[in-house]
Amino acid sequence: MTMPTPDTIVAISTPRGYSGIGVVRMSGPDSLPILTQIFMPTAADGFNDRTAVHGKLVDRDGRILDDGIAVFMRGPGSYTGEDVVEISLHGSPVILDAAVGLILASGARMAQRGEFTRRAFLNGKLDLLQAEAVVDLIESKTEGAAREARLRLDKGMSSRIANIASTLKDILAELEAHMDFDEDDENPAPDPESRLAALISEFTALQRSVDSSRMHRDGIRVVIAGKPNVGKSTLFNTLMGSNRVIVTPYPGTTRDPVDDFLVLNGMGFLLCDTAGMRQEPDPIEREGIFRTQQRIDNADIAIVVLDGSAPLDQEDEKVLCTCREKASITVLNKADLGLVIDPGHPLLQSTAIPISAKTGFGIQDLEEQLRMTGSARFSSDAGSLLSSWCVQPLASAEQHVKAVLDGLHTRSMAPEIIALELKKALEYLEEITGERADDGILDRIFERFCIGK
Ligand SMILES: Nc1nc2c(ncn2[C@@H]2O[C@H](COP(=O)(O)OP(=O)(O)OP(=O)(O)O)[C@@H](O)[C@H]2O)c(=O)[nH]1
Ligand SMILES: [Mg+2]
C-alpha cells in the first residue's frame with residue numbers, strides 16, 4: 001500500500017492579536033513553490049535551505065502587503081520532516097490573515113489542530129510521548145512543568161518504554177530460536193524469569209509516574225477542609241493574594257467548591273475552597289458538603305483548618321478523621337485571638353501550624369509545608385512521566401508479562417503460548433510510543449494542540 005502524497009498546510013503559528021511579529025507556517029511539498037509566488041526576496045540569490053531571507057509579501061497584482069523574513073527548511077531535516085516555510089511578518093491579524101489568504105489561493109489548505117506535529121509524528125521525527133511533551137511544554141503553567149516537559153521531549157520516557165520492549169524482544173527471539181530446535185539438548189531452554197520479574201518493577205514505577213504527570217501539568221490538588229466558620233475562605237483568599245471568595249461571620253457561607261491556580265516557587269497547586277462540614281445541615285448545605293467530600297477524596301493534599309482559638313469539638317474530629325488517610329497539613333487558625341488548642345494535640349495527625357489567615361501570621365510556614373508536602377508527592381524522576389491514557393496499555397502489557405511469569409513458575413505454559421503473550425505485551429507498548437496507536441488515540445492527543453503547532 002502506498003501512502004497518499006501529503007498536501008500543503010498553512011496556519012498562523014503565533015497567538016492571535018497585535019504583536020511585534022507574527023509567524024505564518026507552511027508544511028508540505030508545495031511550500032517552496034508557494035513561497036516563491038507570494039514573497040519577493042530583496043537579494044537576488046533566492047531561497048536556500050535554512051537561510052533567513054528578507055523580502056516583500058506581494059499579492060497577485062504585485063501590491064506589497066508587508067515586508068518580513070522567510071525561512072525555507074527542506075525536508076526531511078525540518079520539524080515536520082516535510083518542506084517547511086516560516087514567514088515572519090508584522091504581527092497584525094490583518095496582515096497575517098492576508099498572507100494565509102494568498103497561500104490558500106495558491107493551493108494550500110488550513111492546518112488542523114496539531115497537524116504540523118502530527119505530520120512530524122507520522123514522518124518519524126518524534127514519537128507519541130514526545131508529541132505529548134510538545135503540547136505539555138506549550139501549556140505549562142509553572143517553571144517546574146516546563147522543565148519536566150522539556151526533559152520528556154528529549155526522549156527520557158520513550159527510551160524507558162523502548163528498553164522494556166527490547167528486553168521482551170530479546171526473550172522472544174531466544175524462545176523462538178529454542179522452539180526451532182525442539183528436543184535439542186545442545187540448546188538449553190531460555191530462562192527469562194529474572195529479567196521478566198525486573199520488568200514488573202519497572203511497570204510499577206511507570207504507573208506511579210502517571211500521577212506525577214497529572215500534578216505537573218494541572219497542579220497538585222489541595223483541598224481546604226474544616227467545619228464551618230473556621231476561616232477556610234479567608235485562608236484561600238490570603239494564599240491567593242486576592243478577595244476571590246466570599247467571607248462572612250456566618251457559618252455555612254461557602255456552598256460550591258471554588259478552585260484557583262496557585263504558584264509557589266515554581267510549583268503549581270490547584271487550591272480548592274470548600275463548604276464547611278457539619279452535622280444536620282440544611283438541604284442546600286448538604287449538597288455543598290457532599291461536594292466537599294468529593295474534593296477531599298480527589299485531593300493530593302488536604303489542609304485541615306481548625307479554629308485554634310476554641311477547643312476541639314466533634315465536628316473538628318470528624319474532619320480530621322475524614323482526612324486521616326491523606327497527605328494533610330493541619331492549621332490552627334485565628335491564632336491572633338490566642339490559641340487554646342495545643343499544636344501537638346494527640347488527635348492531630350502531625351504537629352499543627354498556628355496561623356492567622358486574617359493577619360498573615362504563619363502563612364509563610366504553611367506555604368513552606370505545602371511545598372515540602374508537594375515535593376514529596378512528585379515523582380523524583382523528572383522527564384519520565386506518562387499521561388493517564390497510557391495507564392490502560394501499560395496495565396495490559398504488565399498483565400501479559402505477569403501471565404508469562406506465572407506460566408514459567410508453574411511450568412504450565414507451552415513455549416508457543418509464552419511467545420504469544422510476549423507479543424501481546426509488545427503490542428501494548430507499541431501503542432504507547434505510537435508505533436501501533438489507533439486514530440482515536442492520535443486524535444485525542446493532537447486535539448489538545450493549538451492550530452499552527
Ligand atoms: N480573628 C480572626 N478571624 C478570622 C480569621 N480567619 C477568619 N476569620 C473570621 O472568621 C469568620 C469566618 O471566616 P470564613 O473564611 O468565611 O470561614 P469559612 O471556614 O470559610 O466558613 P464557611 O464558608 O461558612 O464554612 C469571618 O468573620 C472571618 O473574618 C483569623 O485568622 N482571625
Ligand atoms: Mg467559606
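## Contacts of Leucine 196

In this predicted model, leucine 196 touches Leu168, Ile171, Val401, Val404, Leu405, Leu408 and Leu422, leaving aside residues up to four places away in sequence.

## Two Nonpolar Cores

The largest nonpolar core contains 46 residues, and those with the most contacts inside it are Leu128, Leu168, Leu196 and Leu386. Two or more residues of this core are given by each of helices H3 (115-122), H4 (128-139), H6 (156-180), H7 (193-218), H12 (391-410), H13 (415-433) and H14 (439-446). Helix H6 supplies the largest share, eight residues.

A second core is separate and has 27 residues. Among them are Ile220, Met240, Leu262 and Met267.

## The Magnesium Site

Which protein atoms are donors of the magnesium ion (ligand 2)? They are OG of Ser233 and OG1 of Thr254, lying 2.0 Å from the ion. Serine 233 belongs to helix H8 (residues 232-240), whereas threonine 254 lies in the loop between H8 and strand S9 (258-264), so the pair ties together parts that are 21 residues apart in sequence.

Are these two residues buried or exposed? Buried means under 20% relative accessible area. Serine 233 has a relative accessible area of 9%, so this residue is buried. Threonine 254, at 14% relative accessibility, also counts as buried.

## The Annotated Domain

An unreviewed UniProt entry carries the annotation "domain: TrmE-type G" for residues 219-375. Over residues 219-375, helix makes up 30% of the chain and strand 23%. The C-alpha atoms at the ends of this stretch are 12 Å apart.

Technical notes
Residues numbered from 1 in each chain as written. Chains lettered and ligands numbered in written order. Predicted model: local features only at pLDDT ≥ 70, side-chain atom pairs only at ≥ 80, totals over all residues. Heavy atoms only, no water. Core = buried A, V, L, I, M, F, W, Y, C linked by side-chain atoms within 4.5 Å. Buried < 20%, exposed > 50% of the residue type's maximum accessible area, 1.4 Å probe, protein only. Helix = DSSP H or I, 4+ residues; strand = E, 2+ residues; numbered from the N terminus. Contact = heavy atoms within 4.5 Å. Donors = N, O, S within 2.8 Å, 3.2 Å for Na, K, Ca; no water. UniProt positions renumbered as here; feature names shortened; annotations may be inferred.
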